[in-house]
Amino acid sequence: MALGRAFFDRPVVDLAQALLGCVVVRDDPAAGRCSGLIVETEAYDGPDDRASHARFGRTPRSSIMFGPGGRAYVYLVYGMHRLLNVVAGPDGAPGAVLVRAVGHHEGVALMAARRGQPGSTSPRLAAGPGLVTQALGVGLELNGTDLTRQGPLWLAAPPREVAAALAVDGIVTGPRVGVAYAGSPWAERPWRFGWRDHPALSRPFPRSGVPGA
DNA sequence: ATAGGGATTCTC
DNA sequence: AGAATCCCTATT
(Lines give C-alpha, C1' and ligand atoms only; values in the text may rest on other atoms or scores of the structure.)
Protein backbone atom coordinates (compact mmCIF):
# COMPACT_ATOMS: atom_id res chain seq x y z
CA MET A 1 0.00 0.00 0.00
CA ALA A 2 1.54 3.25 -1.15
CA LEU A 3 1.66 6.38 0.98
CA GLY A 4 -1.06 8.80 -0.10
CA ARG A 5 -0.70 12.34 -1.36
CA ALA A 6 -1.63 13.84 2.01
CA PHE A 7 1.47 12.33 3.62
CA PHE A 8 3.67 14.62 1.54
CA ASP A 9 1.72 17.82 2.10
CA ARG A 10 3.75 19.18 4.99
CA PRO A 11 6.79 21.38 5.49
CA VAL A 12 9.83 19.78 3.91
CA VAL A 13 11.77 19.59 7.17
CA ASP A 14 8.90 17.66 8.74
CA LEU A 15 8.68 15.38 5.73
CA ALA A 16 12.39 14.61 5.93
CA GLN A 17 11.90 13.17 9.40
CA ALA A 18 8.64 11.42 8.54
CA LEU A 19 10.31 9.55 5.70
CA LEU A 20 12.73 7.78 8.04
CA GLY A 21 11.68 4.15 8.27
CA CYS A 22 9.55 4.35 5.15
CA VAL A 23 10.10 1.83 2.38
CA VAL A 24 11.25 2.89 -1.04
CA VAL A 25 10.22 0.23 -3.51
CA ARG A 26 11.78 -0.27 -6.92
CA ASP A 27 9.81 -2.46 -9.29
CA ASP A 28 11.63 -3.15 -12.50
CA PRO A 29 9.75 -5.33 -14.98
CA ALA A 30 12.94 -6.99 -16.15
CA ALA A 31 15.12 -7.11 -13.04
CA GLY A 32 12.39 -7.62 -10.46
CA ARG A 33 11.68 -5.95 -7.15
CA CYS A 34 13.93 -4.60 -4.47
CA SER A 35 13.27 -2.17 -1.68
CA GLY A 36 15.04 -0.43 1.16
CA LEU A 37 14.31 1.27 4.44
CA ILE A 38 15.04 4.97 4.43
CA VAL A 39 17.54 5.63 7.21
CA GLU A 40 18.94 9.05 6.27
CA THR A 41 17.46 12.15 4.63
CA GLU A 42 18.10 15.84 4.05
CA ALA A 43 15.59 18.64 3.56
CA TYR A 44 15.94 21.20 0.78
CA ASP A 45 13.52 24.09 0.97
CA GLY A 46 12.34 26.83 -1.36
CA PRO A 47 14.08 29.78 -3.07
CA ASP A 48 15.31 31.23 0.22
CA ASP A 49 17.35 28.10 0.96
CA ARG A 50 20.71 28.87 -0.66
CA ALA A 51 21.59 25.18 -0.75
CA SER A 52 18.43 24.19 -2.63
CA HIS A 53 18.05 23.82 -6.36
CA ALA A 54 15.01 26.03 -5.91
CA ARG A 55 17.35 28.95 -5.13
CA PHE A 56 17.35 29.85 -8.84
CA GLY A 57 13.59 29.94 -8.89
CA ARG A 58 11.61 27.67 -11.14
CA THR A 59 14.03 26.36 -13.77
CA PRO A 60 13.64 23.38 -16.11
CA ARG A 61 15.55 21.12 -13.76
CA SER A 62 13.96 22.25 -10.52
CA SER A 63 10.40 22.63 -11.81
CA ILE A 64 9.44 19.26 -10.34
CA MET A 65 10.22 20.67 -6.89
CA PHE A 66 7.53 23.29 -7.38
CA GLY A 67 4.86 20.76 -8.24
CA PRO A 68 2.66 18.60 -6.03
CA GLY A 69 4.21 16.47 -3.31
CA GLY A 70 4.83 12.77 -3.57
CA ARG A 71 6.74 12.79 -6.80
CA ALA A 72 10.34 11.79 -7.45
CA TYR A 73 12.99 14.37 -8.26
CA VAL A 74 16.02 12.66 -9.80
CA TYR A 75 19.01 14.58 -11.05
CA LEU A 76 22.65 14.13 -11.96
CA VAL A 77 25.54 15.51 -9.87
CA TYR A 78 29.23 15.64 -10.64
CA GLY A 79 28.46 14.25 -14.07
CA MET A 80 28.08 10.74 -12.75
CA HIS A 81 25.85 10.25 -9.72
CA ARG A 82 22.08 10.27 -9.73
CA LEU A 83 20.35 11.50 -6.59
CA LEU A 84 16.82 10.61 -5.54
CA ASN A 85 14.57 13.16 -3.85
CA VAL A 86 10.98 13.12 -2.65
CA VAL A 87 9.05 16.28 -3.46
CA ALA A 88 7.16 17.90 -0.60
CA GLY A 89 3.77 19.47 -1.06
CA PRO A 90 1.54 21.25 -1.42
CA ASP A 91 1.55 22.22 -5.08
CA GLY A 92 3.34 25.52 -5.58
CA ALA A 93 5.47 25.22 -2.44
CA PRO A 94 8.90 24.07 -3.62
CA GLY A 95 10.84 21.63 -1.49
CA ALA A 96 12.36 18.17 -1.69
CA VAL A 97 13.91 15.56 0.56
CA LEU A 98 17.13 13.89 -0.52
CA VAL A 99 17.28 10.17 0.25
CA ARG A 100 20.87 9.79 1.47
CA ALA A 101 20.85 6.16 2.60
CA VAL A 102 18.64 3.10 2.76
CA GLY A 103 18.98 -0.12 4.72
CA HIS A 104 18.22 -3.65 3.61
CA HIS A 105 14.66 -4.77 3.07
CA GLU A 106 13.82 -6.78 -0.05
CA GLY A 107 16.02 -7.92 -2.90
CA VAL A 108 19.43 -7.53 -1.31
CA ALA A 109 21.00 -9.78 -3.94
CA LEU A 110 19.65 -7.61 -6.75
CA MET A 111 20.94 -4.48 -5.08
CA ALA A 112 24.37 -6.03 -4.59
CA ALA A 113 24.47 -7.05 -8.23
CA ARG A 114 23.60 -3.53 -9.33
CA ARG A 115 26.40 -2.24 -7.13
CA GLY A 116 28.80 -4.56 -8.91
CA GLN A 117 29.26 -6.58 -5.73
CA PRO A 118 27.43 -9.85 -6.44
CA GLY A 119 26.96 -11.95 -3.36
CA SER A 120 27.59 -9.11 -0.95
CA THR A 121 25.27 -8.77 2.00
CA SER A 122 26.98 -5.71 3.40
CA PRO A 123 24.51 -3.49 5.26
CA ARG A 124 26.19 -0.54 3.58
CA LEU A 125 25.20 -1.36 -0.01
CA ALA A 126 23.20 1.85 -0.20
CA ALA A 127 25.00 4.03 2.38
CA GLY A 128 25.20 7.25 0.39
CA PRO A 129 22.89 9.13 -1.99
CA GLY A 130 24.74 8.03 -5.10
CA LEU A 131 24.79 4.45 -3.89
CA VAL A 132 21.06 4.49 -3.17
CA THR A 133 20.17 5.13 -6.79
CA GLN A 134 22.81 2.70 -8.00
CA ALA A 135 21.57 -0.11 -5.76
CA LEU A 136 17.91 0.53 -6.54
CA GLY A 137 18.48 1.05 -10.23
CA VAL A 138 17.02 4.56 -10.27
CA GLY A 139 17.83 6.56 -13.37
CA LEU A 140 16.93 9.98 -14.68
CA GLU A 141 14.04 8.45 -16.59
CA LEU A 142 12.25 8.11 -13.25
CA ASN A 143 12.30 11.86 -12.63
CA GLY A 144 8.75 12.96 -11.98
CA THR A 145 7.49 9.49 -11.08
CA ASP A 146 4.38 9.49 -8.90
CA LEU A 147 5.49 7.79 -5.70
CA THR A 148 1.96 7.58 -4.31
CA ARG A 149 0.90 4.78 -6.65
CA GLN A 150 2.47 1.38 -7.08
CA GLY A 151 4.64 1.53 -10.17
CA PRO A 152 8.33 1.49 -11.08
CA LEU A 153 9.14 3.52 -7.96
CA TRP A 154 6.92 4.13 -4.95
CA LEU A 155 6.85 4.59 -1.20
CA ALA A 156 5.23 2.61 1.60
CA ALA A 157 4.75 3.38 5.29
CA PRO A 158 7.19 1.87 7.78
CA PRO A 159 6.38 -1.76 8.63
CA ARG A 160 5.18 -2.07 12.22
CA GLU A 161 8.39 -3.58 13.56
CA VAL A 162 10.46 -0.99 11.73
CA ALA A 163 8.54 1.88 13.26
CA ALA A 164 8.98 0.30 16.68
CA ALA A 165 12.73 -0.14 16.24
CA LEU A 166 13.14 3.43 15.01
CA ALA A 167 11.17 4.73 17.96
CA VAL A 168 13.55 2.92 20.30
CA ASP A 169 16.76 3.99 18.56
CA GLY A 170 15.76 7.58 17.89
CA ILE A 171 16.63 10.20 15.30
CA VAL A 172 19.86 12.17 15.02
CA THR A 173 20.31 15.47 13.22
CA GLY A 174 23.19 17.42 11.75
CA PRO A 175 24.12 19.92 9.07
CA ARG A 176 23.57 18.92 5.47
CA VAL A 177 26.48 17.38 3.61
CA GLY A 178 28.36 19.10 0.80
CA VAL A 179 26.57 22.45 0.90
CA ALA A 180 29.32 24.73 2.23
CA TYR A 181 28.80 26.94 -0.82
CA ALA A 182 25.42 27.96 0.57
CA GLY A 183 27.08 29.97 3.31
CA SER A 184 25.70 30.84 6.71
CA PRO A 185 23.17 30.14 8.03
CA TRP A 186 22.05 27.71 5.35
CA ALA A 187 25.11 25.49 5.48
CA GLU A 188 24.65 25.01 9.20
CA ARG A 189 20.94 24.31 9.24
CA PRO A 190 20.41 20.94 11.02
CA TRP A 191 18.34 19.56 8.17
CA ARG A 192 20.05 16.19 7.90
CA PHE A 193 18.20 13.41 9.68
CA GLY A 194 19.30 9.89 10.46
CA TRP A 195 18.24 6.71 12.20
CA ARG A 196 20.57 6.77 15.19
CA ASP A 197 23.45 4.29 14.95
CA HIS A 198 22.00 2.54 11.90
CA PRO A 199 24.75 0.65 10.02
CA ALA A 200 23.64 2.09 6.66
CA LEU A 201 24.23 5.74 7.54
CA SER A 202 26.32 7.40 4.85
CA ARG A 203 28.76 8.94 7.30
CA PRO A 204 28.95 9.89 10.97
CA PHE A 205 26.85 12.69 12.33
CA PRO A 206 29.19 15.30 13.81
CA ARG A 207 26.93 15.98 16.74
CA SER A 208 24.10 13.98 18.13
CA GLY A 209 20.78 15.55 18.73
CA VAL A 210 17.06 15.34 18.49
CA PRO A 211 14.81 17.14 16.01
CA GLY A 212 14.05 20.63 17.18
CA ALA A 213 16.97 20.77 19.57
C1' DA B 1 27.48 30.21 -27.55
C1' DT B 2 30.40 29.48 -23.60
C1' DA B 3 32.26 29.15 -18.92
C1' DG B 4 31.92 27.79 -14.10
C1' DG B 5 30.61 24.46 -10.79
C1' DG B 6 28.38 20.78 -8.28
C1' DA B 7 23.01 17.66 -2.58
C1' DT B 8 29.50 12.14 -4.71
C1' DT B 9 32.42 8.29 -4.66
C1' DC B 10 36.61 5.90 -5.13
C1' DT B 11 41.58 5.74 -5.29
C1' DC B 12 46.28 7.36 -4.23
C1' DA C 1 44.06 15.15 -1.47
C1' DG C 2 42.32 14.56 -6.44
C1' DA C 3 40.17 12.76 -10.41
C1' DA C 4 36.12 11.37 -13.02
C1' DT C 5 32.49 13.60 -15.95
C1' DC C 6 28.31 16.24 -17.90
C1' DC C 7 24.19 18.71 -17.24
C1' DC C 8 22.42 22.98 -15.48
C1' DT C 9 22.52 27.77 -14.80
C1' DA C 10 24.15 32.17 -15.65
C1' DT C 11 26.54 35.35 -18.50
C1' DT C 12 28.21 37.43 -22.87
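Of the atoms of DNA strand B that lie within 4 Å of the protein, 53% belong to sugar or phosphate, and the rest to bases. This distribution is taken from a predicted model. The protein surface near DNA strand B comprises 20 residues, of which Tyr-75, His-81, Asn-85, Gly-130 and Tyr-181 come nearest. By class, 11 of the residues on this surface are nonpolar, 7 are polar and 2 are charged. Strands β4 (81-87) and β5 (96-106) and helix α4 (129-136) each supply at least two residues to it.

Polar contacts to the phosphates of DNA strand B involve both side-chain and backbone atoms of the protein. An N or O atom in the side chain of Arg-100 is placed 3.1 Å from a phosphate oxygen of this strand, and a polar side-chain atom of Arg-115 is found 3.2 Å from a phosphate oxygen. Gly-128 contributes through its backbone, a polar atom of which is 3.4 Å from a phosphate oxygen of DNA strand B.

For DNA strand C, 72% of the atoms within 4 Å of the protein belong to sugar or phosphate, with the rest in bases. This strand is surrounded by Phe-56, Thr-59, Pro-60, Arg-61, Ser-62, Leu-76, Tyr-78, Gly-79 and Met-80, a set that divides into 5 nonpolar, 3 polar and 1 charged residues. A polar side-chain atom of Thr-59 is 2.2 Å from a phosphate oxygen of DNA strand C, whereas the side chain of Arg-61 places a polar atom 3.2 Å from a sugar or linking oxygen. A base is also contacted: a backbone N or O atom of Tyr-78 lies 2.4 Å from a base oxygen of DNA strand C.

Within the protein, the count of salt bridges comes to 7. One of them joins the side chains of Arg-26 and Asp-28, with an N to O distance of 3.3 Å; both of these residues are buried. Another pairs Asp-27 with Arg-33 at 2.9 Å, N to O. Asp-27 counts as partly exposed because its relative accessibility is 21%, and Arg-33, at 39%, is likewise classed as partly exposed.

A further salt bridge connects the side chains of Arg-192 and Glu-40 (2.8 Å, N to O). Arg-192 belongs to strand β8 (residues 192-195) and Glu-40 to strand β2 (residues 32-44), so this pair ties together parts that are 152 residues apart in sequence. Arg-192 counts as buried, at 2% relative accessibility, and Glu-40 is buried with a relative accessible area of 0%. Through shared partners, salt bridges join Glu-40, Glu-42, Arg-100 and Arg-192 into one network. Arg-100, a member of this network, also provides the side-chain contact to a phosphate oxygen of DNA strand B described above.

Technical notes
Residues numbered from 1 in each chain as written. Chains lettered and ligands numbered in written order. Predicted model: local features only at pLDDT ≥ 70, side-chain atom pairs only at ≥ 80, totals over all residues. Heavy atoms only, no water. Near = heavy atom within 4 Å. Polar contact = N/O pair within 3.5 Å; in protein donor to acceptor, adjacent residues only side chain to side chain. Helix = DSSP H or I, 4+ residues; strand = E, 2+ residues; numbered from the N terminus. Nonpolar A, V, L, I, M, F, W, Y, C, P; charged D, E, K, R; others polar. Salt bridge = Lys/Arg side-chain N within 4 Å of Asp/Glu carboxyl O. Buried < 20%, exposed > 50% of the residue type's maximum accessible area, 1.4 Å probe, protein only.
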